[in-house]
Every structure is written in structure tokens, then in C-alpha cells.
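User: Please take a close look at one part of this protein, the packing of its first two helices against each other, and set that part in the context of the whole chain.

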Amino acid sequence: MDKLDKLYKLCADEDIKIEWVSFDPCILGVYISDKDIPPTIALNKSIFNDRLKTMEILAEELGHHFTTNGNFANRLLHYSDRVRLSKEEQKAARWACNYLISDDELFDCVKKCTSEDELIEMLDVSFGILYDKLRFCNVENRELLYNICNYLKSV
């Protein structure tokens, strides 16, 4: 089972409905949680045929399901609302990166790869997910980055 299939299975296990809708091109996905409807992830139809982009957006929206509380899209009246939204987006993105790339998988793949493109292919993620994973490691798991850098120096 590939990573995208695992995301779809996780949605099914969590009773999260997935809808493909026509959004403005700048909106690729939205997580909706309300007491009157089941949790729903709406994905932009424009990414339907792009497996890596679908995986990236679906994982982040699932991240909202597991890390945030409530809907934030309509509550941006004050600067503090935008700051809170940014923090919630960071939590969801971090969850997505950690779900799609474990620390062990990242280190093992780095040892086997000879290029960034090969690493992305081996991890089966988009460049954006890999970039964010490394950015989050810099903040919360510097030991992993230290080990990767030391390994790369020794090669």
C-alpha cells in the first residue's frame, strides 16, 4: 500500500468524507469539522491527477483533523486570529511531514541516494514535503539533521 492509499485508508478509518470540488486555483484543500456534518476534506479538482500534490494536500488537511480544534477559515477578523491560523497551519504541516516521512525513513533514504531528485523519488513525496520535513527537523530534531550532515560529510 503506497502513502496515498494509506492516507485514504486513514480517512476511511476516521470517518472523514473526501469531496472533490471546484475551488479558486489558490485553494487546494479545506478541512471542515462541524457538529452538524461529518468531518470533511474538500480537495480542489485541479489536483486530482497529480498524485504527489494530492498526497501533500490530503496529508496536511488530515493534519488539521488530528492537531487543530474547530474551523478557522471564517474567523480572521483580528491580527491575533491570523497568528493563531498560522500556528494551526504549522501544526497541520508538521503532522503531514511526520506522517509521510518518518525520521528513520529519511535517514535510511539519505544513505541510499545520490541526488535530491533520487531522495524525493525514494521517499515518494513532493519537494515541498521534503523541504518542510527538513525545516521542522531543524527546529525539533536537530540530532537527525546532525546525523544526516555527518553521514553526508563521510561519503
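Analyst: In this predicted model, 60% of the contacts between residues at least 6 apart in sequence join residues at least 24 apart. Buried residues account for 35% of the 155 residues in the protein. The secondary structure consists of 7 helices and 3 strands, and from the N terminus the elements follow the order α-β-β-β-α-α-α-α-α-α.

The part in question is the contact of helix H1 with helix H2. H1 spans residues 3-13 and H2 spans residues 51-67; their axes come within 10 Å and cross at roughly 35°. The crossing of H1 past H2 is left-handed. On the H1 side, the residues that take part are Lys3, Leu4, Leu7, Tyr8, Leu10 and Cys11. They meet Arg51, Thr54, Met55, Leu58, Ala59, Leu62 and Phe66 of H2. By class, the residues of this contact comprise 10 nonpolar, 1 polar and 2 charged.

In the order of elements, three strands stand between the first helix and the next. Two of these strands are S2, residues 29-34, and S3, residues 37-44, which run antiparallel and are joined by 5 bridges. The connection from S2 to S3 is a hairpin through 2 residues. Within this pair, isoleucine 32 is placed opposite threonine 40 of S3.

A further point concerns the cysteines of the protein. With a cut-off of 2.5 Å between cysteine sulfur atoms, the number of disulfides is 0. Cysteine 97 takes part in no disulfide, and the nearest cysteine sulfur, which belongs to cysteine 137, lies 8.8 Å away. Cysteine 97 has a relative accessible area of 1% and is therefore buried, given that the term applies under 20%. Cysteine 109 is likewise in no disulfide; for this residue the nearest cysteine sulfur is that of cysteine 113, at 5.7 Å. The relative accessibility of cysteine 109 is 7%, so this residue also counts as buried.

To return to the part requested, the contact of H1 with H2 combines a left-handed crossing at roughly 35° with a set of residues of which 10 are nonpolar.

Definitions and conventions: Residues numbered from 1 in each chain as written. Predicted model: local features only at pLDDT ≥ 70, side-chain atom pairs only at ≥ 80, totals over all residues. Heavy atoms only, no water. Pairing = 2+ DSSP bridges. Helix = DSSP H or I, 4+ residues; strand = E, 2+ residues; numbered from the N terminus. Axes fitted to C-alpha atoms, helices over the stretch in contact; angles between N-to-C directions. Left-handed = near helix turned anticlockwise from the far one by under 90°. Contact = heavy atoms within 4.5 Å. Nonpolar A, V, L, I, M, F, W, Y, C, P; charged D, E, K, R; others polar. Buried < 20%, exposed > 50% of the residue type's maximum accessible area, 1.4 Å probe, protein only.
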